[in-house]
Amino acid sequence: MKIVRARDYDDMSRKVANIISAQVILKPDCVLGLATGSTPIGAYRQLAGWNQKGDCDFSQVSTYNLDEYRGLSHDDPQSYHYFMKTNFFDHVNIDQANTHVPDGSNPDADAACKEYDRIVAAAGYPDLQLLGIGNNGHIGFNEPDDHFSKGTHCVNLTESTIQANSRLFDRIEDVPRQAYTMGVQTIMFAKMIVIAANGSAKAQAVHDMCYGPVTPQCPASILQLHDNVVVVADEAALALCPAE
Ligand code: PGA
């Protein structure tokens with residue numbers, strides 16, 4: 001794993017955006033795996049700024065997001081479909097027909113997950129997968145467990161994730177309890193993985209991901225077994241990691 005140290009959130013965001021931009025320059029029709037959450041918003045904003053200046057062309061790019069809440073329609077402001085449109089897709093010249101997010105509006109979990117696996121595989125898996133990390137070490141919505149998951153599946157969110165995500169909802173009761181998420185194996189099929197983290201709440205998870213045992217109790221720790229992973233994290237998130 002390569003660790004890139006950033007000063008703060010803005011520096012982390014620019015570094016992540018630079019890596020994604022390089023991927024798009026090197027392969028204009030690349031497949032990007034994208035993430036939601038607070039972490040990538042700054043990188044999306046930076047990429048949108050460059051795109052508007054004509055510097056980063058998304059016209060041939062296709063995207064596959066990691067996850068979506070089960071039971072929310074695509075235009076629900078809390079859905080990840082909506083998040084991606086408002087934080088990124090509406091601000092760049094991507095063909096929205098080439099953007100994909102698991103279909104949380106389909107109550108048939110098995111059908112929704114199988115279809116998502118089919119289209120991600122048909123696309124050849126991401127050239128670059130962007131990830132955030134949960135305070136509990138989750139990636140996508142792959143929560144700590146006694147085994148690593150494989151393909152896209154329906155998960156029950158843990159109390160810690162519901163709590164962490166409740167900041168984005170009016171009331172904690174409104175946070176969906178289930179989600180469809182790409183599995184850990186699918187994430188590992190990406191050719192390159194960029195995982196971003198900022199803030200002291202992530203320090204333990206970042207340490208365990210990089211230096212702890214590879215265990216499904218910290219799903220991100222599996223990334224130690226991937227040969228092309230870049231961790232971009234700020235000083236607070238790296239506080240428990242040895243200085244290099
Ligand atoms: P965050 O979430 O970016 O909102 O901190 C990351 C995650 O839970 O994967």
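**Close-up views of a predicted model**

**View 1. Asn-51 sits in helix α2, which runs over residues 41-52.** The model shown here and in the views below is predicted. With a relative accessible area of 11%, Asn-51 counts as buried, because buried means under 20%. Leaving aside residues up to four places away in sequence, Asn-51 touches Cys-56, Asp-57, Phe-58, His-91, Val-92 and Asn-93. One of these contacts, Phe-58, belongs to an aromatic cluster that it forms with Tyr-44, Phe-88 and Phe-89.

**View 2. Helix α1 covers residues 9-26 and has the span expected of it.** Its 18 residues, at 1.5 Å a residue, should span 26 Å, and the end C-alpha atoms are 26 Å apart, which agrees. The buried residues of α1 are Asp-11, Met-12, Ser-13, Val-16, Ala-17, Ile-20, Ser-21, Gln-23 and Val-24. An α-helix has 3.6 residues a turn, so residues three or four places apart point the same way. The cover over the buried residues of α1 includes the strands β1 (2-6), β2 (31-34), β6 (128-131), β9 (192-197) and β10 (229-234), together with α2.

**View 3. The largest pocket has a volume of about 620 Å³.** Its lining comprises 34 residues, and the closest to its centre are Thr-36, Gly-37, Ser-38, Asn-165 and Arg-167. Elements giving two or more residues to this lining are β4 (67-69), α3 (80-87) and α5 (159-165). The most comes from α5, with four residues. By class, 13 lining residues are nonpolar, 18 polar and three charged.

**View 4. The second largest pocket holds about 150 Å³ of space.** Of the 14 residues that line this pocket, Asn-142, Glu-143, Asp-145, His-153 and Val-155 lie nearest its centre. Strand β7 (residues 153-156) gives the largest share of the lining, three residues. The lining divides into six nonpolar, six polar and two charged residues.

**View 5. Phe-141 pairs with Tyr-69 and with Tyr-80.** The structure holds nine aromatic pairs. That of Tyr-69 and Phe-141 is tilted, at 5.7 Å centre to centre and 40 degrees between the planes. Tyr-69 lies in strand β4 and Phe-141 in the loop between β6 and β7, so this pair ties together parts 72 residues apart in sequence. Relative accessible area is 1% for Tyr-69 and 3% for Phe-141, and both residues are buried. The ring centres of Tyr-80 and Phe-141 are 6.1 Å apart with the planes at 15 degrees, so this pair is stacked. Because Tyr-80 lies in helix α3, the stacked pair ties together parts that are 61 residues apart in sequence. Tyr-80, like Phe-141, is buried.

How values were computed: Residues are numbered from 1 along each chain as its sequence is written. This is a predicted model: local features need pLDDT of at least 70, side-chain atom pairs count only at pLDDT 80 or more; totals for chains, interfaces and linings use all residues. Side-chain values use heavy atoms; hydrogens and water are left out. Buried means under 20% relative accessible area, exposed over 50%, partly exposed in between (1.4 Å probe, protein chains only). Contact means heavy atoms within 4.5 Å. The expected span of a helix is 1.5 Å times one less than its number of residues. On a 1 Å grid over the protein atoms alone, a cavity is a set of points where a 1.4 Å probe fits but cannot get out, and a pocket is an open set with protein on both sides within 12 Å along at least five of seven lines; lining residues have an atom within 4 Å of a point. Grid points are joined across faces, edges and corners, and a volume is the space filled by probe spheres set on the points. Ala, Val, Leu, Ile, Met, Phe, Trp, Tyr, Cys and Pro count as nonpolar, Asp, Glu, Lys and Arg as charged, and the others, Gly among them, as polar. Rings of Phe, Tyr and Trp (its six-membered ring) pair if their centres lie within 6.5 Å; planes under 30 degrees apart count as stacked, over 60 as edge-to-face and the rest as tilted.
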